[in-house]
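Thanks for sending this one over. I've gone through the model and jotted down my notes below.

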Amino acid sequence: MPFARLATATTPTCHIGLGLAAIARPGYINLGRDEDLGENRSVEALRTRTHELLDAAYFQGVRYFDVARSYGRSEEFLADWLHKNPGIDDVVIGSKWGYTYTADWTIDAEKHEVKDHSVQTYDRQRAETAELLGDRLDLYQIHSVTPDSPALTDKELHARLAESAAQGTTIGFSTSGPAQADAIRAALEVTVDGEPLFRTVQSTYNALETSAAPALAEAHDAGLTVIVKEGMANGRLAEAYAPDALKAVAEETSLGCDSVALALVLRQPWAGVVLSGAATTNQLASNLHAAVVDLDDEQLARLAELVEDPQVYWERRGQLPWH
């Protein structure tokens, strides 16, 4: 398991990863992104910004980097950075397949990504990922599995994924939607030749959406590495948009709302890696302060009152505009 590398790391930030969903394409749904990126969102401008973030993250102890075929040019930008830094061999690289990026580097596309979990899409995207990341790819995840996803029952696909696992690539899956827990439990039952297929799970968990927690604990107990995404709820927990309770706790800790929001995730015993989706180096530095936030029981109780019904949370997320 590539994540064994993180188990031996001693930096406080080694269990915080950097995801490139918000930075490797011109449009995304994170709130405040217009101000974060400004007007120049050319390929080269975002490549430079991505490399600056990767430099800063690595320097500050981050050792997991997360990309996907549908995150614009995220694999390409990360591959470029790895090629420029051949001495960096202690990072874990994860990517995802199952969505195809269709926005053509625009913000106002009718569709930004198209989902397809077929064997044909896997074969095509696995080859595309291999061309960019080669043997630096440690983890390949099915992107956004839901309970009705054919990826949970397609035996031919399972066999393909098991072949990749036998060649040294860890196989995982990510989840989305109000039924994440059901998808996680269904995936835990998938086996090939009597052995569990999936070794990691990446799910949304934050102060507003906690419904996957019991299933993530079960996955952890089953030996899977748990990666948490959207700990900032696509910007809803950032300073400018944060609920009053979060702002109050942040003020008490003398740190940012983002630090507290991510600290709340880091303290979960099943959380192996918690992703930062920072778009600027200042955001990243603030995110990384999560590793030193200490929350008491009274503060945790106040933050627990922020939890929303999963249906309400995901409906609101689905209404966020692409910026």
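Here are my points, moving from the barrel to a few single residues, a pocket and a helix.

1. First, a reminder that we're looking at a predicted model. The main thing to look at is the barrel: eight strands close up in the order S1-S2-S3-S6-S7-S10-S11-S12, with parallel pairing. From one strand to the next, the twist averages 25°.

2. Let's start on the S2/S3 side. Strand S2 covers residues 64–66 and strand S3 covers 92–97, and the two pair in the parallel sense over three bridges. If you want a spot to click on, take Tyr64, whose bridge partner in S3 is Val92.

3. Now S10, residues 200–204. How many of its residues are buried? Five of the five, so the strand is largely enclosed by the rest of the structure. In a regular strand, side chains alternate between the two faces of the sheet. Here both faces are covered: Thr200, Gln202 and Thr204 are buried on one side, and Val201 and Ser203 are buried on the other.

4. S10 also has a strand on either hand in the barrel order, S7 and S11. With S7 the pairing is parallel and runs over three bridges, and Gly172 has Thr200 as its bridge partner in S10. With S11 it is parallel again, this time over five bridges. There, Ser203 is matched with Val228 of S11.

5. Follow Val228 onward and you reach S12, where Val228 stands opposite Val274. S11 (residues 225–229) and S12 pair in the parallel sense over two bridges. On to the closure: strand S1 (residues 16–19) pairs with S12, parallel, over three bridges. Val274 turns up here too, as the bridge partner of Ile16. So Val274 is a handy residue to centre the view on, given its partners Val228 and Ile16.6. S12 itself (residues 273–276) is covered on both faces. Val273 and Leu275 are buried on one side, Val274 and Ser276 on the other.

7. Helix H10 (residues 257–266) is mostly covered as well, with nine of its ten residues buried. The buried set is Cys257, Asp258, Ser259, Val260, Ala261, Leu262, Ala263, Leu264 and Val265. What covers them? The cover includes the barrel strands S11 and S12, along with helices H9 (244–253), H11 (281–288) and H12 (297–304).

8. One loop residue I'd check is Leu137, found between helix H5 (119–133) and strand S6 (139–145). Is Leu137 buried or exposed? Its relative accessibility is 5%, and it counts as buried because the cut-off for that is under 20%. Setting aside neighbours within four places in sequence, Leu137 is in contact with Ile93, Gly94, Ser95, Arg126, Thr129 and Thr169. Ser95 is 42 residues away from Leu137 along the chain, yet their C-alpha atoms are separated by 7.4 Å.

9. Set that beside Pro178, in the loop between strand S7 (170–175) and helix H7 (180–188). Pro178 is partly exposed, with a relative accessible area of 33%. Its contacts, leaving out neighbours within four places in sequence, are Ser211, Pro310, Gln311 and Trp314. Pro178 and Tyr71 are 107 residues apart along the chain, and 22 Å separates their C-alpha atoms.

10. Arg47 is worth a look too. It is found in helix H3 (residues 43–59) and is buried, with a relative accessible area of 12%. Not counting residues up to four places away in sequence, Arg47 touches Arg73, Glu76, Phe77 and Asp80.

11. Arg73 comes back at the second largest pocket, which has a volume of about 190 Å³. Which residues lie nearest its centre? Among the 13 lining residues, these are Arg69, Gly72, Arg73, Tyr101 and Leu132. Helix H4 (74–84), strand S4 (99–101) and H5 are the elements that give two or more residues to the lining. H5 gives the most, with four. As for character, the lining divides into six charged, four polar and three nonpolar residues.

Key: Residues are numbered from 1 along each chain as its sequence is written. This is a predicted model: local features need pLDDT of at least 70, side-chain atom pairs count only at pLDDT 80 or more; totals for chains, interfaces and linings use all residues. Side-chain values use heavy atoms; hydrogens and water are left out. Two strands pair if DSSP finds at least two bridges between them. Axes are lines fitted to C-alpha atoms, for helices over the stretch in contact, and angles run from 0 to 180 degrees between N-to-C directions. Buried means under 20% relative accessible area, exposed over 50%, partly exposed in between (1.4 Å probe, protein chains only). Contact means heavy atoms within 4.5 Å. On a 1 Å grid over the protein atoms alone, a cavity is a set of points where a 1.4 Å probe fits but cannot get out, and a pocket is an open set with protein on both sides within 12 Å along at least five of seven lines; lining residues have an atom within 4 Å of a point. Grid points are joined across faces, edges and corners, and a volume is the space filled by probe spheres set on the points. Ala, Val, Leu, Ile, Met, Phe, Trp, Tyr, Cys and Pro count as nonpolar, Asp, Glu, Lys and Arg as charged, and the others, Gly among them, as polar.
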